[in-house]
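Please open the structure in your viewer and keep the selection tool at hand, since this tour moves from one selection to the next.

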Amino acid sequence: MSAAAPKSVESSSLEPSCRDTAAHALSIVRDGVITGEGPTTKGRVHFSRSLDADDTAWCTRILTATAVNDQPVSRAEAEVLFEINEAATERTDGGRFDDLLAKAVAHYAASASGLKVPPRSVALSAETDIESWAPSYASKVNSEMLEWIAGQMRGKRHNNRRLMAMVATFLGATALPLAGQLPNVFDIGM
């Protein structure tokens, strides 16, 4: 973890003890992104509706905390990440949040589909290629998970190209009928 997310923040709610508290801690980061204020923005200039490297570092630190590292990403955590994605109209993190979101959603979708996933510290790492562990075919991912992802992405201002590419890979040729059921979700030229 980088020094961008100092441990000196007073709020103990940013140290998750389970996936529920991790989702709550992510909501604190979301609120900081929206307002530019709060425990995750202390000691630095932070504009409302902006997401910077420090915000992404907070998300990474929360998602890979020791208490949750060996558990799959939960739906609640993934939903808050989607909310952060939507809230941030300005990005200055070099694309790291997009990568983190795609990997966290893949981690959730794969585990909820009954597939084995690596620990979060491995799966969500910037150094780990998503292709090294995420399922590469829709036949391995529960169609309800694909529909949930599509629903989260539908009508959003920000298109996460990394996430859309991952879902396109999930869809593949084996799931073209599913793609037809999800109109206007992806602009991937199917």
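Select Phe-82 to begin: does Phe-82 count as buried or exposed? In this predicted model, Phe-82 has a relative accessibility of 6%, and because buried means under 20%, Phe-82 counts as buried.

Now look for the aromatic pairs, of which the count comes to 2. Add Trp-148 to the selection, and you will have an edge-to-face aromatic pair of Phe-82 and Trp-148, with 5.7 Å from centre to centre and 75° between the planes. Phe-82 belongs to helix α3 (residues 75-87) and Trp-148 to helix α6 (residues 143-153), so this pair ties together parts that are 66 residues apart in sequence. Trp-148, at 10% relative accessibility, counts as buried.

Keep Trp-148 selected and add Tyr-108, which forms an edge-to-face aromatic pair with Trp-148, at 5.1 Å centre to centre and with 70° between the planes. Here, too, distant parts of the chain are linked, for Tyr-108 lies in helix α4 (residues 96-112) and Trp-148 in helix α6, 40 residues apart. Both Tyr-108 and Trp-148 are buried. With Phe-82, Tyr-108 and Trp-148 shown together, you are viewing one aromatic cluster.

Finally, colour the protein by pLDDT, for which the mean is 81, with 74% of the residues reaching 70 or more. Select residues 1-10, where the pLDDT is below 50 and where the model has 18 contacts beyond near neighbours in sequence. Then select residues 172-190, over which pLDDT stays under 50, and for which the model has 27 contacts beyond four places in sequence.

Terms used: Residues are numbered from 1 along each chain as its sequence is written. This is a predicted model: local features need pLDDT of at least 70, side-chain atom pairs count only at pLDDT 80 or more; totals for chains, interfaces and linings use all residues. Side-chain values use heavy atoms; hydrogens and water are left out. Rings of Phe, Tyr and Trp (its six-membered ring) pair if their centres lie within 6.5 Å; planes under 30 degrees apart count as stacked, over 60 as edge-to-face and the rest as tilted. Helices (H or I, at least four residues) and strands (E, at least two) are DSSP runs, numbered from the N terminus. Buried means under 20% relative accessible area, exposed over 50%, partly exposed in between (1.4 Å probe, protein chains only). pLDDT is the predictor's confidence in each residue, from 0 to 100. Contact means heavy atoms within 4.5 Å.
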